[in-house]
Protein chains: 2
Amino acid sequence: MVTITDISKACGVSRATVSKALNGAPDIAPKTAERIREQAKALGYLPNATARALKVGRSYNIGVLFSDTTGGGITHEYFSQILESVKAEAERLGYDITFISKDLGAMSMDYYEHAKYRSCDGVVIASADFQDPAIIRLATSEIPTVTLDYTFDSRTSILSDNVRGMEALVRFVYENGHRKLAFIHGEMTSVTQKRIASFRKTCATLGITVPPEYIRPAVYHDPRSSGLATRALLELPNRPTCIFYPDDLSFLGGMSELERHGVTVPKDMSVVGYDGIPLSQVLRPKLTTYRQGAAEMGTQAARLLVEQIEHPDTWLPQNIMVEGELLPGSTVRNIG
Amino acid sequence: MVTITDISKACGVSRATVSKALNGAPDIAPKTAERIREQAKALGYLPNATARALKVGRSYNIGVLFSDTTGGGITHEYFSQILESVKAEAERLGYDITFISKDLGAMSMDYYEHAKYRSCDGVVIASADFQDPAIIRLATSEIPTVTLDYTFDSRTSILSDNVRGMEALVRFVYENGHRKLAFIHGEMTSVTQKRIASFRKTCATLGITVPPEYIRPAVYHDPRSSGLATRALLELPNRPTCIFYPDDLSFLGGMSELERHGVTVPKDMSVVGYDGIPLSQVLRPKLTTYRQGAAEMGTQAARLLVEQIEHPDTWLPQNIMVEGELLPGSTVRNIG
DNA sequence: TTGTATGCGTTATCAT
DNA sequence: ATGATAACGCATACAA
């Protein structure tokens, strides 16, 4: 490994001079700086991020937290889109990304400890159980954080507009003549609560009554559980005309169940998903759904986190709402 | 931040003693060690991975490389499964994961330089263009690496069994009476070459003639291009009875095109995919495909990399083949 | 404009 | 069994 010491020897200057020259300090003679840079390149010098981090107290490394307890693992396309955009933006800004987890090898650490252990300058909490004390500890610590789809008090967050997303879907379905709307929802997270509330409120506004048996629990990203919920809905004496699924993938579970009962989409039953992942638009029939701006959420999360890291003194927590868009698809039949 | 110095003061011992006690050195009095550990916990001490790395020359950090040029990005479910299992196994073994990329912020680094810059103990090259000089530089450097689905000379690799996978699919289709098999393949990577060769060879073995126009190029993970290829096949005077798609997702593009032509799967046309991602099994009709052992591949990659890192002297490069399994699905009709 | 000295937190060597 | 000291590679305050 070639270090600044090697360069200093090769150039006949001190290590301090080399360090300054390489970092573009203003008090180095241009000729000297040039000579040093040339030597550095010639010798194949690479800065050592570890040593630098130890010295300056900044690692230029940000943690990303995906606890896959609630179907929020990396394999969920919504989250992998977020991960990809967080990564891209962080790298653009000169930061690397490290996963934060519990229990690294033999040591038992919680998330906060892991982030400290790796000297992360900040952490993006992308998917987590926000009731978990370990998450709360991290999110309320002195480490800069940005949470996605959840806001801790006086903390920065990036929020998908679940309320408007659900409202847009309900209105779209309503405009297509539907009055009997059923909603299969995921686990009871705050996101789920917002969606249910918005579903209920929009229905009420539009004068639609939602019988309790039209609201059914399932599990995000789990086609099987949505299939079961679908079956329950089909067995109702008074069937809905449209089913809302927790997410795009779960819709596939419902689809199978509908087929099994001889129910065709959208002829006999209309359906909508949620997320608007690319998959939803290559399915046939093309799914009616609401696209969450996953890529933009990731980009913003990285951007705001870095801003917070680099300007901690003037930082004001922000809660940014990222809008999505309705993807009309063709799984909602006009029964007006 | 509480350091070993703080502990040493609190305990009235030297920093060296604290370090030894915390690392379970044998030459510390049990009572002293106990006292030190208690103080460490009481003070909320956390080891500093950065300082440790600088001192011992090991970062306990491994790089993961996904260059998404060939549709191998993280959002591809096959790769996200690999990423997830690499991550899980690495963490189990006490290693963190950092993404390796080109061009971090203002600095322009290639992959090798990035890995050195972060002092990665090793790198898993999960998805890349293996002709890229930057990839070759990394993979042939002194840094321990494990590549997936490609073998560099005298290097460790984890390989999905593309030859047998393709053979299994062809035989399955053959046994269902098909003799006119078309193959839409992805970009010309070494994986693709293996699949094409195996497709051709198995067909030859079975006495099937494959006209040149039955082999069509497309792009991995891109339903649109597979749709176009499908259309070309449908316009042939002598249509195939079964179409092989580059991957499971691409099949969806073909499906749309088939529908548009009034061709029903599997009644009028049989199809098979490749990958066997979870999605393929929740689609209706359930896709006939070959499941690559993505999770096992990731686990093995992490395991072998760590072994190589920790026992560099006794290390022998290995090329491990991970078997998959045929998922029969229901998109191949028996026309025997 | 350049160099000297110091320390970031840790571990390893060698005394004691 | 414990401690003093040096070193990992780098950046910075301050001296020259």
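Analyst: Two strands are said to pair if DSSP finds at least two bridges between them. In this predicted model, strand β8 (residues 242–244) of chain B meets that condition with β9(B), as the two pair over three bridges in the parallel sense. Within β9(B), B:Val272 is the residue opposite B:Phe244.

User: In what order do the strands of that sheet in chain B run, and is the pairing parallel or antiparallel?

Analyst: The sheet is open and has four strands, arranged β7-β6-β8-β9 (chain B), with parallel pairing. Its edges are β7 (215–217) and β9 (270–272) of chain B; each has a single partner strand, so one side of each lacks a neighbour in the sheet. On average, and ignoring direction, neighbouring strands are turned by 20° against each other.

User: Which strands of chain B does helix α8 lie across, and which does helix α9 lie across?

Analyst: Helix α8 (residues 162–175) of chain B crosses over β6 (181–185), β8 and β9 of chain B, and runs at about 165° to β9(B). Helix α9 (residues 190–205) of chain B lies across β6 and β8 of chain B, at about 175° to β6(B).

User: Let us turn to helix pairs. At what angle do α1 and α3 of chain A pack?

Analyst: An angle over 115 and up to 145 degrees falls in the oblique class. Helix α1 (residues 4–11) of chain A packs against helix α3 (residues 30–43) of chain A at about 120°, and their axes are 10 Å apart; α1(A) and α3(A) are therefore oblique to each other. Their crossing is right-handed. On the α1(A) side the contact involves A:Asp6, A:Ile7, A:Ala10 and A:Cys11, which meet A:Arg35, A:Ile36, A:Gln39, A:Ala40 and A:Leu43 of α3(A). By class, six of these residues are nonpolar, one is polar and two are charged.

User: Why are α4(A) and α4(B) described as oblique to each other, and which residues make the contact?

Analyst: The angle between α4(A) and α4(B) is about 130°, and their axes lie 9 Å apart. The two helices are therefore oblique to each other. α4(A) passes α4(B) in a left-handed crossing. The contact is formed by A:Thr50, A:Ala51, A:Ala53 and A:Leu54 on α4(A), and by B:Thr50, B:Ala51, B:Ala53 and B:Leu54 on α4(B). Six of the contact residues are nonpolar and two are polar, with no charged residue.

User: How many residues of chain A are in contact with chain B, and which element of chain A supplies the largest share?

Analyst: Residues are in contact if their C-beta atoms lie within 7 Å. By that criterion 44 residues of chain A contact 44 residues of chain B. On the side of chain A that touches chain B, at least two residues each come from α4, α5 (77–92), β2 (96–100), α6 (111–117) and α11 (248–260) of chain A. The largest share, eight residues, belongs to α5(A). This side of chain A has 19 nonpolar, 14 polar and eleven charged residues.

User: Finally, which residues come nearest to DNA strand C?

Analyst: There are 26 residues around DNA strand C, and those that come nearest are A:Val13, A:Ala16, A:Thr17, A:Ala29 and B:Thr3. Two or more residues of the surface near this strand come from each of α2 (15–22) and α4 (49–56) in chain A, and from each of α1 (4–11), α2 (15–22) and α4 (49–56) in chain B. α4(B) gives the largest share, five residues. By class, the surface near DNA strand C comprises 13 nonpolar, eight polar and five charged residues.

Key: Residues are numbered from 1 along each chain as its sequence is written. Chains are lettered from A and ligands numbered from 1 in the order in which they are written. This is a predicted model: local features need pLDDT of at least 70, side-chain atom pairs count only at pLDDT 80 or more; totals for chains, interfaces and linings use all residues. A residue is near a molecule or strand if its C-beta atom, placed from the backbone, lies within 6 Å of it. Ala, Val, Leu, Ile, Met, Phe, Trp, Tyr, Cys and Pro count as nonpolar, Asp, Glu, Lys and Arg as charged, and the others, Gly among them, as polar. Axes are lines fitted to C-alpha atoms, for helices over the stretch in contact, and angles run from 0 to 180 degrees between N-to-C directions. Angles under 35 degrees count as roughly parallel, over 145 as roughly antiparallel, 65 to 115 as roughly perpendicular and the rest as oblique. A crossing is left-handed if the near helix is turned anticlockwise from the far one by less than a right angle, and right-handed if clockwise. Two residues are in contact if their C-beta atoms, placed from the backbone, lie within 7 Å.
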